[in-house]
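Take a look at the model below. Then follow the text from its ligand to its core.

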Amino acid sequence: MTLSFPPGFLWGAASAAYQVEGAAQEDGRTPSIWDTFSHTPGKVLAGDTGDVAVDHYHRFREDVRLMSELNLGAYRFSVSWSRVQPTGRGPAVQRGLDFYRALVDELLGAGIQPVLTLYHWDLPQELENAGGWPERETAERFAEYAGIVAGALGDRVEFWTTLNEPWCSAFLGYGSGVHAPGRTERLAPLRAAHHLNLAHGLGAQALRAALPARAQVAISLNPAVVRPLTDKPEDLDAQRRIDALANRVFSGPLLRGAYPSDLIRDTASITDWSFVRDGDLAVIKHPLDALGINYYTPSLVSAADDEESAARNDGHGDSSHSPWPGSERVSFHQTPGERTEMGWTIDPSGLHDLLMRYSREAPGVPLYITENGAAFDDKPDAEGAVHDPQRIDYLQAHLAAAHQAIADGADLRGYFLWSLMDNFEWAYGYSKRFGAVYIDYPTQARVPKSSAHWYARVARTGELPAA
Ligand code: FCB
């Protein structure tokens, strides 16, 4: 049976500045934490860096043409903070802003709605040198930066998101250290989480002050679908703990204006949370025009007797350091079922669960799936064509789950495929291909995979063909 999506449903694809742009040292851009991290031996597979990436900075016109051919209604991209404000403070660099203005104009000219993310993990290195996200000042700097970008692009971009997946910035960046800046601490991730929340709140205020009333202000989270291995009380407690650190540390202040009391208890040996100042929570609970949800795979957890036996198989790369401060004694298990090239189990029911949960938790707030997709070991055949039936199956199943969520009452307004093109997959470098468009890295040739043609049809008709 064919499934029809509501009229006006937004069909898009997503990317992020450091993963696609390249031109790392051009036009006044200075290093971000990801430049420093990727140039540190041993941090990224094969020593890959984003120096060139997919050269989108120079090829964006060709890339927008490609988006047009794929019938995309929207393109979600991020702005590189150190390209527009190199030191993370003070005046902007006009050439940096000009690049984004040209990109936005190209999109609008093609009838594609720009969806702008202000922060997709690439903190200017100078701000990390001053302490990074664990320091309050970084949130204040972010608000200034938000105002600069809104001032430059507010006349033509209507859909804004502050942060992408603050969980990764805080807990992978400052806890397990598998992401930039690679710090492995216990207090820093909690402080970082709060200052990211505060950055969202202050940033949203700055956006509101600079943007026309029609603009939408959102945030993209990567809420975890956490399932217990058994219904034994200790496994249910493991589930509760991870849910607090993965989800409610953000949804609590954002949607309810408070940090969950169980999270505060679980982390009591690390902090009394006195870095949360009077008034912060009111700033963070800024009304959202939309909520972005990124989903890939669920988590399966159980209690562990001690920290050593807590296998860190949580799908976020190898590290002997835990990204779960105060809840280190939790084991992550592989959910049964087929997996993608990332080792992530394919389970579309998790997407349905998340959409229903956030419909309840954020009543009246429209939802967007701002990322969903899969990496597979795609290779061109003898004719140079790239066939990726597994990705088509993945997308088909997840879009069917999204459709079911709409039928069950979720106010889901759009879907952004991760990703438009293969790109720099963080600590995995170029080894993982998430694109609907294949990149031949030596020549930078773009080859739409069969999933791109499949998705183009879905985007054109608003209909999901039967599996
Ligand atoms: C998400 C990131 C995105 C991409 C996908 C695979 O966590 O937001 O940049 O790397 O995972």
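The paragraphs that follow treat the ligand, the nonpolar core and one helix residue.

This is a predicted model: local features need pLDDT of at least 70, side-chain atom pairs count only at pLDDT 80 or more, and totals for chains, interfaces and linings use all residues. Residues are numbered from 1 along each chain as its sequence is written, and side-chain values use heavy atoms, without hydrogens and water.

Start at the ligand. Q19, H120, W121, N164, E165, Y296, E371, W418, E425, W426 and F434 surround the ligand (each has a heavy atom within 4 Å of it). This shell has five nonpolar, three polar and three charged residues (Ala, Val, Leu, Ile, Met, Phe, Trp, Tyr, Cys and Pro count as nonpolar, Asp, Glu, Lys and Arg as charged, the others, Gly among them, as polar). A polar side-chain atom of Q19 lies 2.7 Å from a ligand oxygen atom. The protein buries 95% of the 300 Å² that the ligand exposes when taken alone (Shrake-Rupley method, 1.4 Å probe).

Now turn to the core. The largest nonpolar core (buried Ala, Val, Leu, Ile, Met, Phe, Trp, Tyr and Cys residues joined through side-chain atoms within 4.5 Å) has 158 residues, of which W34, W133, W160 and L291 touch the most other members. Helix 9, residues 187–210, gives the most to this core, with 11 residues (helices are DSSP runs of H or I, at least four residues, numbered from the N terminus).

Last comes V249, in helix 10 (residues 233–256). V249 counts as buried because its relative accessibility is 0% (buried means under 20% relative accessible area, with a 1.4 Å probe and protein chains only).

Technical notes: Polar contact = N/O pair within 3.5 Å; in protein donor to acceptor, adjacent residues only side chain to side chain. Buried < 20%, exposed > 50% of the residue type's maximum accessible area, 1.4 Å probe, protein only. Helix = DSSP H or I, 4+ residues; strand = E, 2+ residues; numbered from the N terminus.
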